[in-house]
Amino acid sequence: MKLNAILVEDEAQSRAILKNYLTKYCPKVNIIGEAENINEALELIRTLDLDLVFLDVEMPYGNAFDLLDKVGDRDFETIFVTAYNNYAMDALNAHASYYLMKPIDIDELIKAVDYVSEIKSKEDALQDQVLIPKTNNVAGKITIPQQDGFEVLNTKDILYCKADDNYTEIYLNNNKKKVVSKTLKYFEDALTPSGFARVHKSYLINVAEVVKYVKGKGGSVILSNGQEIMVSASKKSDLLSYFK
């Protein structure tokens with residue numbers, strides 16, 4: 001995975017060295033901004049989608065800890081890069097991921113980036129897991145990822161899901177629709193234990209919302225909101241088994 005990062009360092013030469021090392025030896029890092037003081041850094045942090053900040057301690061208009069105090073709650077990792085070893089405990093208390101001493105040792109830099117990459121990978125894996133109802137402690141719920149977190153839905157409120165390439169449209173009984181960047185197969189695996197059935201390559205329905213079946217080669221179902229959904233011939237017997 002790529003790590004979107006900024007470099008916060010008041011010395012241009014030090015920034016250039018760090019940037020050069022990262023470009024050569026740490027392809028996981030995507031440098032999207034640079035700052036030479038905490039005011040510039042604060043502006044970048046507030047406007048960019050960041051995974052990682054390389055942070056010098058001593059800078060104009062304040063130090064690294066002043067910057068982190070101004071940021072408050074943060075969802076990015078920090079790697080301190082400094083010529084001073086007396087800030088290590090403060091960095092630890094500020095939940096820094098790594099503490100690098102100048103001059104930078106390339107092996108240590110690589111190790112620091114790999115460590116952050118592992119942290120972010122575990123966070124992403126945990127966010128993916130929270131989507132699956134069987135990993136939820138609350139029965140009958142499913143979480144839908146959003147840019148700023150996730151939304152919790154009651155599975156009973158979902159009428160049906162419709163495939164749209166690598167996205168899924170989720171239709172609710174309050175006439176609302178959610179679009180999620182997960183495949184329909186993903187939701188089939190997640191929702192089948194909650195009474196949902198795949199009736200077509202493009203449709204997954206809440207069987208409890210079926211009010212009528214119309215005969216045909218595959219036939220079709222009418223849902224409680226009046227929506228008619230075609231049933232493929234290969235899925236017909238699976239659907240009808242719910243009503244035996």
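## The parallel sheet

In this predicted model, five strands form an open sheet with parallel pairing, and their order is S2-S1-S3-S6-S7. The two edges belong to strand S2 (29-35) and strand S7 (98-101); each has a single partner strand, so one side of each has no neighbour in the sheet. Ignoring direction, neighbouring strands here are turned by 20 degrees against each other on average.

At the S7 edge, the partner is strand S6, residues 77-82, and the two pair in the parallel sense over 4 bridges. If you would like a spot to look at along this pairing, try Val-81, which stands opposite Leu-100 in S7.

## Helices against the sheet

Helix H1 (residues 12-25) packs on this sheet and touches four of its strands: S1 (3-8), S2, S3 (52-55) and S6. The direction of H1 makes about 170 degrees with that of S2. Helix H3 also packs on the sheet, touching S3 and S6, and its direction makes about 165 degrees with that of S6.

## Where H2 meets H3

Two packed helices are described by the angle between their axes and the distance between the axes. For helix H2 (residues 38-47) and helix H3 (residues 64-71), the angle is about 35 degrees and the axes lie 10 Å apart. Their crossing is right-handed.

From H2, the contact is made by Ile-38, Ala-41, Leu-42, Ile-45 and Arg-46, while H3 brings Asp-66, Leu-67, Lys-70 and Val-71. Sorted by class, the contact of H2 with H3 has 6 nonpolar and 3 charged residues, with no polar ones.

## A closer look at Ile-32

Ile-32 is a handy residue to pick out on strand S2. Its relative accessibility is 35%, which falls between the 20% limit for buried and the 50% limit for exposed, so Ile-32 counts as partly exposed.

Leaving aside neighbours within four places in sequence, Ile-32 is in contact with Asn-4, Ala-5 and Ile-6, and also with Leu-48, Asp-49 and Leu-50. For a sense of scale, take Asn-225: Ile-32 and Asn-225 are 193 residues apart in sequence, and their C-alpha atoms are 48 Å apart in space.

## The antiparallel sheet

Further along the chain there is another open sheet to explore. Its 3 strands come in the order S15-S16-S17, and the pairing is antiparallel. S15 and strand S17 (228-230) are the edge strands, each pairing on one side only. With direction ignored, neighbouring strands of this sheet are turned by 25 degrees against each other on average.

Strand S15 (residues 210-214) and strand S16 (residues 220-223) run antiparallel and are joined by 4 bridges. Within this pairing, Lys-212 has Ile-222 of S16 as its bridge partner. S15 and S16 form a hairpin with 5 residues between them, and in the turn Gly-219 has a positive phi of about 85 degrees. On to the next pair: S16 and S17 are antiparallel as well, over 3 bridges, and there Val-221 has Ile-229 of S17 as its bridge partner.

## Cysteines

How many disulfides does a search of the whole structure find? The count is 0. Two cysteines are still worth a look. Cys-26 has a relative accessibility of 2%, and because this is under the 20% limit, Cys-26 counts as buried. Cys-161, at 0%, counts as buried too.

Methods
Residues are numbered from 1 along each chain as its sequence is written. This is a predicted model: local features need pLDDT of at least 70, side-chain atom pairs count only at pLDDT 80 or more; totals for chains, interfaces and linings use all residues. Side-chain values use heavy atoms; hydrogens and water are left out. A disulfide is a pair of cysteine sulfur atoms within 2.5 Å. Buried means under 20% relative accessible area, exposed over 50%, partly exposed in between (1.4 Å probe, protein chains only). Axes are lines fitted to C-alpha atoms, for helices over the stretch in contact, and angles run from 0 to 180 degrees between N-to-C directions. A crossing is left-handed if the near helix is turned anticlockwise from the far one by less than a right angle, and right-handed if clockwise. Contact means heavy atoms within 4.5 Å. Ala, Val, Leu, Ile, Met, Phe, Trp, Tyr, Cys and Pro count as nonpolar, Asp, Glu, Lys and Arg as charged, and the others, Gly among them, as polar. Two strands pair if DSSP finds at least two bridges between them.
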